[in-house]
Amino acid sequence: MRLALAQLNPTVGDLAGNTALVRDAAHHAAAQVDLLVAPELVISGYPPKDLLLRSGFVAACDRAVEGLAAAVPPGMGVLVGHPTHWHVPSGRIANAASLLYGGRVVATVHKALLPNYDVFDEERYFRPAETIAPVEFQGWRLGVHICEDAWWGEPNTFYHDEPEHFPNPVLELADRDVRALINLSASPFEINKPDRRRRIMRRHAAMHNLPLVFVNQIGGNDDLVFDGHSFVMDGRGDLVLELAGFRPDLQVIDLARLPRALPEAPRTRESLLLDALTLGLGDYMAKCGFRDCVLGLSGGIDSALACCIAARAAGPEHVHALLMPSRYGSAHSLTDARLLAERLGVDWQVIPIDEVHRAYESLPVVGPELTGQPAGIADQNLQARIRGAIVMTRSNRYGWIALATGNKSELAVGYCTLYGDMCGGFAVLSDLLKRDVYAVSQEINRQAGREIIPQAILDKRPSAELAPHQFDEDALPPYPVLDEILAALIEREESPESLYDRFPRETVQWVVRALDRNEFKRRQMPPGIKLSPRAFGSGRRMPIAARIQYPS
């Protein structure tokens with residue numbers, strides 16, 4: 001059987017556009033293949049969230065699938081993912097994969113395991129499959145299943161702790177004498193996820209001695225980015241075909257004549273993060289209707305990286321950088337910011353804020369709040385808000401999306417200003433710890449083969465430059481220490497007590513209190529891109545109004 005893997009980038013809700021993606025892929029591959037496989041829920045886009053509850057939406061998806069079936073070239077089949085009312089009790093919805101052939105829908109299977117952890121809420125919308133059965137096509141019995149159906153028994157899932165309560169879809173399909181396993185996925189990226197998927201699928205292929213086809217979507221949808229990396233494995237679990245990461249791709253393979261195993265080329269953590277950030281921002285802008293973006297460029301490492309990502313995602317001609325020095329800013333920061341903007345080829349402008357700052361100081365309604373403590377917290381926040389207002393004014397005037405440039409380390413402990421550096425439409429670095437900000441910045445220079453981000457920016461001590469001789473480590477633990485503690489508390493959910501043998505007790509307790517105390521700030525931050533197992537936002541849901549007991 002000649003099979004095409006269609007790695008596509010759907011837009012949530014765009015039924016006509018998404019259907020056209022599948023139809024065009026089918027027509028492109030028609031002369032070469034018997035069957036084309038598209039990703040999970042590609043017709044609606046993933047994740048459709050509460051669009052599924054909107055009256056008529058799922059019925060419209062069903063009509064789109066029927067229309068697609070009529071457009072499939074004669075003699076070939078298409079496996080396509082979509083939400084459906086077909087074969088479920090009245091009013092209920094299933095996450096389905098349908099086989100289209102001969103102008104009609106000839107088979108439909110439902111997803112059995114519905115993830116309801118991390119960013120996933122599928123039990124809110126879908127009814128699980130009542131039966132698990134193969135799909136017959138051209139003499140082949142195919143073990144078609146959907147994304148999470150292959151994750152039975154994996155740690156950090158419901159089916160790991162209580163497997164007896166859930167079916168094992170891959171095992172049940174393999175026991176039905178299927179000739180190949182086919183997984184339609186919409187599996188969002190997080191660091192180490194591509195390796196984890198290959199490990200899971202390798203186990204299935206080798207255990208059942210069956211070729212396995214994994215087709216994943218790509219693209220950014222809100223806070224999720226999908227990396228693709230679709231592949232085919234043989235019955236030994238060896239990789240024989242891999243599609244590109246972070247871009248659409250269409251590849252063909254003959255399941256009856258699989259090629260030799262490929263060497264697996266590892267990607268570095270930094271290069272994966274850079275591609276995810278670029279695709280996530282680019283798709284967020286494009287799918288929300290923005291061509292241009294604006295941001296403050298301070299001469300520090302965070303805004304430098306955000307500006308580089310924006311230039312990669314939107315094109316440098318669509319990036320507008322505002323250099324807004326204050327009385328406390330250093331001359332080298334302005335020089336470094338200008339040099340970066342010139343190297344990137346982005347539009348830039350210097351807008352000093354000192355005149356506006358002094359105007360605030362002279363206002364009688366402000367009075368001693370500022371003049372009584374120059375360069376104090378109120379004054380520092382005011383400077384950040386002046387800059388934020390200037391960025392937002394440009395955003396409003398020209399319809400550019402404003403980018404917030406704060407990183408995860410700062411957002412975690414509240415070292416950021418509401419309505420100041422936190423304002424904007426998208427928080428590019430919100431799931432990137434400070435250590436990864438540096439690593440990805442160095443990756444940009446490495447890939448370019450030259451210095452894009454000035455070495456001076458990489459070398460300087462981090463500073464908000466909102467007060468004389470100010471450095472981040474005057475208020476925070478050193479970033480290497482802070483990041484290690486945050487990774488333990490957030491991503492691995494370790495207890496504070498477990499960290500006392502690695503870090504000073506008072507430092508751990510300060511970070512724990514700051515992390516919990518600043519949930520109200522994070523709830524007001526713009527959306528960003530999920531890169532880690534535990535990103536702020538939909539993947540980490542913490543109370544704001546709480547009295548949390550801390551260890552002594």
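Two strands pair if DSSP finds at least two bridges between them. That definition is handy for this predicted model, so let us start with a pair of strands that meets it. Strand E3 (residues 77-84) and strand E4 (residues 94-101) run antiparallel and are joined by 8 bridges. Within that pairing, Thr-84 stands opposite Ala-94 in E4.

## Around strand E4

E4 has a second partner as well: strand E5 (residues 104-110) pairs with E4 in the antiparallel sense over 6 bridges. Here Leu-99 stands opposite Ala-107 in E5. E4 and E5 form a hairpin, with 2 residues between the strands. In the turn, Gly-102 has a positive phi of about 65 degrees. As for solvent, E4 is mostly covered, with 7 of its 8 residues buried.

## The mixed sheet of six strands

Next comes an open sheet of 6 strands, in the order E6-E7-E8-E9-E12-E13 and with mixed pairing. Strand E6 (135-137) and strand E13 (239-242) stand at the edges; each has a single partner strand, so one side of each is left without a neighbour in the sheet. From one strand to the next, the twist averages 20 degrees.

At the E6 edge, strand E7 (residues 140-146) is joined to E6 by 3 bridges, and the two run antiparallel. Glu-136 has Arg-141 in E7 as its bridge partner.

Helix H5 packs on this sheet, where H5 touches strand E8 (180-185), strand E9 (212-216), strand E12 (231-233) and E13. The direction of H5 makes about 30 degrees with that of E12.

## The parallel sheet of five strands

Another open sheet has 5 strands in the order E17-E16-E15-E18-E19, and its pairing is parallel. Its edge strands are strand E17 (347-350) and strand E19 (426-427), each of which pairs on one side only. Helix H8 (residues 331-344) lies across strand E16 (319-323) and E17, and H8 runs at about 160 degrees to E17.

Strand E18 (residues 401-404) deserves a closer look. On one side, E18 pairs with strand E15 (residues 293-296) in the parallel sense over 2 bridges. E18 is also joined to E19 by 2 bridges, again running parallel. The table lists residues that face each other across these pairings.

| Residue | Opposite residue | Strand of the opposite residue |
|---|---|---|
| Cys-293 | Ile-401 | E18 |
| Leu-403 | Phe-426 | E19 |
| Ala-404 | Ala-427 | E19 |

Which way do the side chains of E18 point? Ile-401 and Leu-403 point one way, while Ala-402 and Ala-404 point the other way. All of these residues are buried. A general rule goes with this picture: in a regular strand the side chains alternate between the two faces of the sheet.

## The second largest pocket

If you are thinking about pockets, the second largest one holds about 550 Å³ of space. Its lining has 33 residues, and those nearest its centre are Asp-118, Glu-190, Lys-193, Arg-196 and Pro-533. How do the lining residues divide into nonpolar, polar and charged? The split is 14 nonpolar, 5 polar and 14 charged.

Helix H5 (193-208) comes back here: H5 and helix H15 (479-491) each supply at least two residues of the lining. H5 is thus the helix that also packs on the sheet described above, touching E8, E9, E12 and E13.

## Two loop glutamates

Two glutamates in loops round off the tour. Glu-317 lies in the loop between helix H7 (301-314) and E16. Is Glu-317 buried or exposed? With a relative accessibility of 52%, Glu-317 counts as exposed, because the cut-off for exposed is over 50%. The C-alpha atoms of Glu-317 and Cys-293 are separated by 9.9 Å, and these residues are 24 residues apart along the chain.

Glu-497 has its place in the loop between H15 and helix H16 (505-517). Its relative accessibility is 46%, so Glu-497 counts as partly exposed. From Glu-497 to Ile-132, the C-alpha atoms are separated by 46 Å, with the two residues 365 residues apart along the chain.

Terms used: Residues numbered from 1 in each chain as written. Predicted model: local features only at pLDDT ≥ 70, side-chain atom pairs only at ≥ 80, totals over all residues. Heavy atoms only, no water. 1 Å grid on protein atoms, 1.4 Å probe; cavity = no way out; pocket = protein on both sides within 12 Å on 5 of 7 lines; lining within 4 Å. Points joined across faces, edges and corners; volume = space filled by probe spheres on them. Helix = DSSP H or I, 4+ residues; strand = E, 2+ residues; numbered from the N terminus. Nonpolar A, V, L, I, M, F, W, Y, C, P; charged D, E, K, R; others polar. Axes fitted to C-alpha atoms, helices over the stretch in contact; angles between N-to-C directions. Contact = heavy atoms within 4.5 Å. Buried < 20%, exposed > 50% of the residue type's maximum accessible area, 1.4 Å probe, protein only.
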